[in-house]
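Subject: Structure handover and notes

Dear colleague,

I am passing this structure on to you, together with some notes on what was found in it. Please look through the sequence and the model first, and then read on.

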Amino acid sequence: MSDYYWVFLILAFAFFIHWMALESEKKDLAHLSDRKKRKADDPENVRIEDMQLMDLYKVSKSEAVRYYRKKHGTGLKFTAQLLEDISREC
């Protein structure tokens, strides 16, 4: 009987991790959509923010990723890819 308990706990934990990953992905996509909308509405302000971020990115990539994640609450992989894309645009 004890084995069923542990199997249930492991499956519940796996489901929780999977669910959290899906929620994080949804949040990242919503942030990307919001960023595109802000870029269309006020491109100058977004460009200024990007240039400030790229100044930090040139000094330390990890600090830029940490700063952006703290400011916008995005995932690590998503943020790193977004900063790479921004650096190509600038």
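A residue is called buried here when its relative accessible area is under 20%, and exposed when that value is over 50%. By this measure 21% of the 90 residues of the protein chain count as buried. Please keep in mind throughout that this is a predicted model.

To begin with the overall picture, the secondary structure of the protein chain comes to four helices and zero strands, so that from the N terminus on the elements run α-α-α-α. The C-alpha atoms fill a box of roughly 65 × 30 × 20 Å along the principal axes, and the radius of gyration is 18 Å, whereas a compact globule of 90 residues would have one near 12 Å. The protein chain exposes about 7100 Å², of which carbon and sulfur atoms supply 63%. Among the contacts with a separation of 6 or more, 54% are made by residues 24 or more positions apart.

The largest nonpolar core has ten residues in all, namely Leu53, Met54, Tyr57, Ala64, Val65, Tyr68, Phe78, Leu82, Leu83 and Ile86. At least two residues of this core come from each of α2 (43–59), α3 (61–72) and α4 (76–89), and α4 gives the largest share, with four residues. Leu53 is a helpful place to look at this core, since, leaving aside its neighbours within four places in sequence, Leu53 is in contact with Ala64, Tyr67, Tyr68, Leu83 and Ile86.

Turning to α3, its twelve residues should span 16 Å at 1.5 Å a residue, and this agrees with the 16 Å that separate its end C-alpha atoms. Its buried residues are Ala64, Val65 and Tyr68; seen down the axis of α3, they fall within an arc of 100 degrees, and therefore they line one face of the helix. As background, an α-helix has 3.6 residues a turn, so residues three or four places apart point the same way. The buried residues of α3 pack against α1 (2–41), α2 and α4, and the helix is followed by Gly73, whose phi is positive, near 70 degrees.

The account of α4 runs along similar lines. This helix has 14 residues and reaches 20 Å from its first C-alpha to its last, close to the 20 Å expected at 1.5 Å a residue. Its buried residues are Phe78, Thr79, Leu82, Leu83 and Ile86, and they cover an arc of only 130 degrees around the axis, which puts them on the same side of α4. On the other side of α4, Leu76, Lys77 and Arg88 are exposed, while what covers the buried residues includes α1, α2 and α3.

One residue of α1 deserves a separate look, and that is Asp28, which is found in this helix. Is Asp28 buried or exposed? Its relative accessibility is 9%, and because the cut-off for buried is under 20%, Asp28 counts as buried. Leaving aside its neighbours within four places in sequence, Asp28 is in contact with Thr74, Gly75 and Phe78, the last of which also belongs to the largest nonpolar core. The C-alpha atoms of Asp28 and His72 are separated by 9.4 Å, although these residues are 44 residues apart along the chain.

With best regards

Note on methods: Residues are numbered from 1 along each chain as its sequence is written. This is a predicted model: local features need pLDDT of at least 70, side-chain atom pairs count only at pLDDT 80 or more; totals for chains, interfaces and linings use all residues. Side-chain values use heavy atoms; hydrogens and water are left out. A nonpolar core is a set of buried Ala, Val, Leu, Ile, Met, Phe, Trp, Tyr and Cys residues joined through side-chain atoms within 4.5 Å. Buried means under 20% relative accessible area, exposed over 50%, partly exposed in between (1.4 Å probe, protein chains only). Contact means heavy atoms within 4.5 Å. The expected span of a helix is 1.5 Å times one less than its number of residues. The arc is that of the directions from the helix axis to the C-beta atoms. The radius of gyration is taken over C-alpha atoms; the globule rule is 2.2 Å times the number of residues to the power 0.38. Accessible areas come from the Shrake-Rupley method with a 1.4 Å probe; for residues, only the protein chains shown count as cover.
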